[in-house]
Amino acid sequence: MAKEKKQRKTEKNGDENFEAQLFKAADKLRKNIDAGEYKHIVLGLIFLKYISDAFEDHYKKLKEGKGKYKGADPEDKDEYKAENVFWTPPEARWTYLHSRAKLPSIGKDLDAAMEVIEKENPTLKGILTKDYAKPNLDKIALGELVDLISNIALGKETDKSKDIIGRVYEYFLGEFASLEGKKGGQFYTPRSIVELMVGMTEPLKGRVFDPACGSGGMFVSSERFVEAHQGRVADISIYGQESNHTTYRLCRMNLALRGIDGSQVSWNSEGSFLKDAHPDLKADYILANPPFNQSDWGHDILRNDVRWKYGVPPEGNANYAWLQHMVHHLAPKGVMATVLSNGSLSVGGVEGEMRKKLVDDDLVDCIVALPKQLFYNTGIPACLWFISRKRLGNGDRKRTGEILFIDASEKGFMADRTHREFTQEDIQEIANTYHEWRKEGGKYEDIKGFCKSASLEEVEKNNYALTAGRYVGIADEEDDGEPFEDKMKRLTETLKEQMSEEEELNKEIKKQLKRVGFDI
């Protein structure tokens with residue numbers, strides 16, 4: 001385990017170490033402000049730095065007037081809109097604000113900058129943070145924070161600068177989620193889980209939907225996946241919904257940092273069940289980490305909803321409401337991955353009946369059991385459900401009547417005292433296992449204790465429980481080659497020595513206690 005942790009650390013390059021150092025410095029300036037409030041202050045400034053840098057770079061190109069920019073007017077707002085660059089007025093540009101960082105008015109200056117950017121760029125209306133003039137925010141510390149953020153990607157070429165700022169934003173999201181604990185899990189899904197889900201579903205082309213999108217990690221990772229596989233980001237379009245407005249704002253900024261069109265990411269306070277923002281959407285890929293075991297989801301109002309094809313979900317738990325909501329939005333050849341609590345795999349009653357119908361309808365493709373302590377907001381063991389409408393083939397082998405079970409509950413390493421992460425090797429092993437099982441002529445093999453391709457007959461014998469451990473079994477222990485008699489002799493001798501040592505220690509304890517007046 002220590003080796004894995006060391007290996008993970010060596011994967012980090014200088015820029016990523018810079019992210020950690022930057023967060024540590026920024027957190028020192030937090031002082032008495034709650035982490036939940038402070039994240040909006042910091043992330044808002046990072047976003048402002050990004051759009052200002054992008055504007056200044058494009059302004060310079062237009063002013064030079066070379067190549068396709070010959071004759072262009074650097075003061076024409078349409079020139080920026082055409083390149084997906086936000087128009088940034090002089091009083092909102094980072095160079096101007098940085099020059100005023102030591103003034104007592106820096107809070108008011110920043111609020112004014114955010115206001116004018118929203119006014120000039122309607123797609124950002126209501127998204128930016130405008131709390132910098134608040135009395136509880138120390139203005140000297142705020143000025144130091146502006147100085148600190150000014151160093152992000154300083155002197156880097158434009159494309160690399162944008163990449164670094166985007167990664168800093170993502171890194172800070174994760175660190176703030178860790179600081180906030182349970183609340184952090186409401187807006188952030190740990191990166192290694194997102195990477196696994198995206199790596200298994202492979203969203204290269206089509207509509208990507210997340211009905212509980214948080215800060216947009218699924219979308220960002222999908223874009224990263226497309227780029228890593230030499231695809232065209234323009235070939236995917238994203239759709240999302242979020243019921244928490246502050247989280248929605250984080251998402252829209254996260255997407256804008258990467259030039260991802262967030263116009264189809266919607267917010268409403270009612271949420272995905274009561275007010276579906278995309279009622280007619282049929283998505284090619286659905287990726288989601290909805291709230292675990294949500295109790296108040298609108299059962300009484302939605303009893304006759306068209307989405308409940310497999311039965312009305314129970315009043316006190318929305319797990320199967322989320323599953324059916326996503327299945328309802330799945331395209332005829334779509335695939336989906338969602339995080340749910342382990343209870344969803346074996347619960348009985350009406351949910352058990354719904355699970356049986358999903359299995360009998362040949363929708364369940366793969367179940368992955370996850371380790372504990374992966375999430376910030378819960379210690380509840382979780383799993384991944386992969387549901388597919390492509391099981392008849394469509395580029396893969398025909399796998400109707402089969403479900404792949406993967407037990408990854410022992411994978412990963414402890415990144416800190418409370419949180420576990422997958423290594424890149426873990427992610428590749430799990431994803432490759434799924435892909436080899438799925439593809440025509442793949443090299444998949446059952447591995448005891450890790451993976452098993454089970455028939456629907458086997459699932460039926462297990463009363464439609466989908467707990468991975470029931471199918472993969474327990475891995476065989478490696479034989480260390482030591483004969484049983486020799487091992488027992490060695491272990492009993494060690495035990496004898498330890499018991500003798502314990503006896504001596506007990507005598508010493510009694511002796512020392514007696515010296516201070518306590519006789520036992």
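A surface patch here is built from residues with over 30% relative accessible area and no salt bridge, and nonpolar side chains are joined within 5 Å. Keep that in mind for the first stop. One caution as well: this is a predicted model.

So, the patch. Five residues form a nonpolar patch on the surface: Ile-509, Leu-513, Val-516, Phe-518 and Ile-520. Together they offer about 510 Å² of accessible area. Take Phe-518 from that group. Phe-518 sits in the segment after α18, the helix spanning 484-515. Is Phe-518 buried or exposed? Exposed, because its relative accessible area is 53% and the cut-off for exposed is over 50%.

Now to the interior. Helix α13 covers residues 319-328, and 9 of its 10 residues are buried, so the rest of the structure largely encloses this helix. Among the buried ones are Tyr-320, Trp-322, Leu-323, His-325 and Met-326. What do the buried residues of α13 pack against? Four strands come up: β1 (206-210), β4 (283-288), β5 (330-341) and β7 (382-388). Helices α12 (271-274) and α14 (349-360) are also packing partners.

Next, a helix pair. Helix α6 runs over residues 106-120, helix α7 over residues 139-149. Their axes come within 9 Å and cross at roughly 55°. The two helices are therefore oblique to each other. On the α6 side, the contact is made by Ile-106, Gly-107 and Leu-110. On the α7 side, Lys-139, Leu-142 and Val-146 make it.

On to salt bridges. How many does a search of the whole structure find? The count is 27. I will show three.

The first is within a helix. Glu-195 forms a salt bridge with Arg-191, with the closest N and O atoms 2.8 Å apart. Both belong to helix α9, residues 191-201. They are 4 residues apart, which means about one helical turn separates them. Glu-195 is buried at 18% relative accessible area. Arg-191 is partly exposed at 33%.

The second joins two loops. Lys-309 pairs with Asp-361, and here the closest N and O atoms are 3.8 Å apart. Lys-309 lies in the loop between β4 and α13, Asp-361 in the loop between α14 and β6 (364-369), so the pair ties together parts that are 52 residues apart in sequence. Lys-309 counts as exposed, at 60% relative accessibility. Asp-361 counts as partly exposed, at 38%.

The third is Arg-399 with Asp-365, at 2.9 Å from N to O. Arg-399 is in the loop between β7 and β8 (402-407), while Asp-365 is in strand β6, so this bridge ties together parts 34 residues apart in sequence. Why does Arg-399 count as buried? Because its relative accessibility is 0%. Asp-365 is buried too, at 0% relative accessibility. The pair belongs to one network, in which salt bridges with shared partners join Glu-202, Asp-362, Asp-365, Arg-391, Asp-396, Arg-399 and Arg-438.

Last stop, Ala-465. Where is it? Ala-465 is in the loop between α16 (456-461) and α17 (468-472). Ala-465 is buried, at 4% relative accessible area. Leaving out residues up to four places away in sequence, Ala-465 touches Leu-345, Ser-346, Arg-355, Val-459, Arg-470 and Tyr-471. Look at Arg-355 in that list. Arg-355 is 110 residues from Ala-465 along the chain, yet their C-alpha atoms are separated by 8.3 Å.

Note on methods
Residues are numbered from 1 along each chain as its sequence is written. This is a predicted model: local features need pLDDT of at least 70, side-chain atom pairs count only at pLDDT 80 or more; totals for chains, interfaces and linings use all residues. Side-chain values use heavy atoms; hydrogens and water are left out. Patches are made of residues with over 30% relative accessible area and no salt bridge: like charges are joined within 9 Å, nonpolar side chains (Val, Leu, Ile, Met, Phe, Trp, Tyr) within 5 Å. Accessible areas come from the Shrake-Rupley method with a 1.4 Å probe; for residues, only the protein chains shown count as cover. A salt bridge is a side-chain nitrogen of Lys or Arg within 4 Å of a carboxyl oxygen of Asp or Glu. Buried means under 20% relative accessible area, exposed over 50%, partly exposed in between (1.4 Å probe, protein chains only). Contact means heavy atoms within 4.5 Å. Axes are lines fitted to C-alpha atoms, for helices over the stretch in contact, and angles run from 0 to 180 degrees between N-to-C directions. Angles under 35 degrees count as roughly parallel, over 145 as roughly antiparallel, 65 to 115 as roughly perpendicular and the rest as oblique.
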